[in-house]
Amino acid sequence: MNLNKNQIDFLVKNASSKLGIEESKLRSELEAGTFDRLLSTLPKGESSKLTAALSNPATAQLLMSSPQAKELMKKLFG
């Protein structure tokens, strides 16, 4: 799934407001491939599961192709 710039901006803006993280800091971490602030907001144990899933390209693709992920994207982007 490829997101366009407007979709990415929308996700970063909403995630930063919901997580209480400055948008520019969240964007910098995401661009650098570090998710420390984002992961620190997850319940203990969940952050390691997410890190493991996203570090494996096949698993990440499978995760993003799931019906739940597609439904979430549909809700976010219409």
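This is a short talk about one predicted model of a protein chain, its helices, its largest pocket and its salt bridges.

Hi everyone, and thanks for having me. A word on ground rules. Because the model is predicted, local features need pLDDT of at least 70 and side-chain atom pairs count only at pLDDT 80 or more, while totals for chains, interfaces and linings use all residues. Residues are numbered from 1 along each chain as its sequence is written, and side-chain values use heavy atoms, with hydrogens and water left out.

Let's start with the overall picture. The chain has six helices and zero strands, so reading from the N terminus you get α-α-α-α-α-α. Here, helices (H or I, at least four residues) and strands (E, at least two) are DSSP runs, numbered from the N terminus. How compact is the chain? Its radius of gyration is 13 Å, close to the 12 Å that the globule rule gives for 78 residues, so the chain is as compact as a globular protein of that length. That radius is taken over C-alpha atoms, and the globule rule is 2.2 Å times the number of residues to the power 0.38. Along its principal axes, the C-alpha trace spans about 30 × 30 × 20 Å.

I'll be using the words buried and exposed, so here are the cut-offs: buried is under 20% relative accessible area, exposed is over 50%, and partly exposed is in between (1.4 Å probe, protein chains only). Of the 78 residues in the chain, 14% are buried.

Now, on to the pocket. The largest one has a volume of about 1,000 Å³. Closest to its centre, out of 22 lining residues, are Leu11, Ala15, Leu30, Leu38 and Met64. How is a pocket defined? On a 1 Å grid over the protein atoms alone, a pocket is an open set of points where a 1.4 Å probe fits, with protein on both sides within 12 Å along at least five of seven lines; lining residues have an atom within 4 Å of a point. Grid points are joined across faces, edges and corners, and the volume is the space filled by probe spheres set on the points.

Which elements give two or more residues to this lining? They are helix H1 (5–19), helix H2 (23–32), helix H4 (46–55), helix H5 (57–64) and helix H6 (67–77). H1 provides the largest share, seven residues. By class, the lining has 18 nonpolar, one polar and three charged residues. In this scheme Ala, Val, Leu, Ile, Met, Phe, Trp, Tyr, Cys and Pro are nonpolar, Asp, Glu, Lys and Arg are charged, and the others, Gly among them, are polar.

Next, the salt bridges. The term means a side-chain nitrogen of Lys or Arg within 4 Å of a carboxyl oxygen of Asp or Glu. How many salt bridges does a search of the whole structure find? The search finds four.

Arg27 is a good residue to click on. Its side chain meets that of Asp9 in a salt bridge at 3.2 Å, N to O. This pair links distant parts of the chain, with Arg27 in helix H2 and Asp9 in helix H1, 18 residues apart. Arg27 also forms a salt bridge with Glu23, where the closest N and O atoms are 3.6 Å apart. Arg27 and Glu23 both sit in helix H2, four residues apart, about one turn of the helix. Arg27 is partly exposed at 23%, as are Asp9 at 22% and Glu23 at 31%.

Over in helix H4, Lys49 and Glu46 form a salt bridge, with their closest N and O atoms 3.5 Å apart. The two are three residues apart, about one turn of the helix. Lys49 is exposed, with a relative accessible area of 54%, whereas Glu46 is partly exposed at 36%. Going back to shared partners, salt bridges join Lys5, Asp9, Glu23 and Arg27 into one network.

Finally, two serines. Ser66 lies in the loop between H5 and H6 and is buried, at 16%. Its side chain reaches the backbone nitrogen of Ala69 at 3.1 Å. Ser16 is in helix H1. Is Ser16 buried or exposed? Ser16 is buried, with a relative accessible area of 6%. Its side chain reaches the backbone oxygen of Lys13 at 2.9 Å.

That's my tour, and I'm happy to take questions!

Note on methods:
Polar contact = N/O pair within 3.5 Å; in protein donor to acceptor, adjacent residues only side chain to side chain.
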